[in-house]
Amino acid sequence: MSQPRPPILLVEDTPDDVLLIQRAFRKAKLNANMQVVNDGEAAVEYLAGTGRYADREQHPLPVVVLLDLKLPRKSGFEVLTWIRQQPLLKRLSVVVLTSSDQMQDVNRAYDLGANSYLVKPVEFDALMEMVKTLDLYWLLWNHRPEIANA
């Protein structure tokens, strides 16, 4: 019997992008344990384990966050800043996954503590290759630090 997959939190407000990313994981035969929130406030609530996300059985703390930058209610930059200020979450792996290839966004994300910065590919096959690599690196090969349960 295989081990359960570590949870991933996808923070993405564009429904088409959510569907494409989920489809890429399925098509790549990656049985991802993916939780999805569609704005920055919901991401903070999820990670804090508050409100509708208080049940950690149903909404487990992720091992990696895939974070878009252009989000309603709280930007990806604000979410990243908040994560890095939380003593229990500051080691959480955060991969920025966005459509912006602007160097100022790349630099700002790294300055705020992003672990990686990926630009969403336009072609679906390239997206599928990206999620395969992301899965191998962040979920299989990467040695994660301890993250306290919130």
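This is a short tour of a predicted model, going from helix α2 to strand β4 and its neighbours.

Start by selecting α2, residues 40-48. Its buried residues are G40, A42, A43, V44, Y46 and L47. To see what lies over them, show β1 (7-11), β2 (33-37), β3 (64-67) and α3 (76-85), which are among the elements covering these buried residues.

Next, look at the two ends of α2. At the N-terminal end, display D39 and E41: D39 acts as the cap, with a side-chain oxygen 3.0 Å from the backbone nitrogen of E41. Just past the helix, select G49, where phi is positive, at about 70°.

Now move to β4, residues 93-98. The strand is mostly covered, and six of its six residues are buried. In a regular strand, side chains alternate between the two faces of the sheet. Colour S93, V95 and L97 as one set and V94, V96 and T98 as another; the two sets point opposite ways from β4, and all are buried.

Add β3 to the view. β3 and β4 are paired in parallel, with four bridges. Within this pair, L66 sits opposite V95 of β4. Trace the chain from β3 through α3 to β4: this β-α-β crossover is right-handed.

Then turn to β5, residues 116-119, which runs parallel to β4 and is joined to β4 by four bridges. Select T98 and V119 to see one bridge pair, with V119 on the β5 side. Finish with α4, residues 103-111, shown together with β4 and β5. Which hand does this β-α-β unit have? The unit formed by β4, α4 and β5 is right-handed.

Technical notes
Residues are numbered from 1 along each chain as its sequence is written. This is a predicted model: local features need pLDDT of at least 70, side-chain atom pairs count only at pLDDT 80 or more; totals for chains, interfaces and linings use all residues. Side-chain values use heavy atoms; hydrogens and water are left out. Buried means under 20% relative accessible area, exposed over 50%, partly exposed in between (1.4 Å probe, protein chains only). Contact means heavy atoms within 4.5 Å. A polar contact is a pair of N or O atoms within 3.5 Å; within protein, one must be able to donate a hydrogen and the other to accept it, and residues adjacent in sequence count only if both atoms are side-chain atoms. Two strands pair if DSSP finds at least two bridges between them. A crossover is right-handed if, with the strands pointing away from the viewer, the path from the first strand over the helix to the second runs clockwise.
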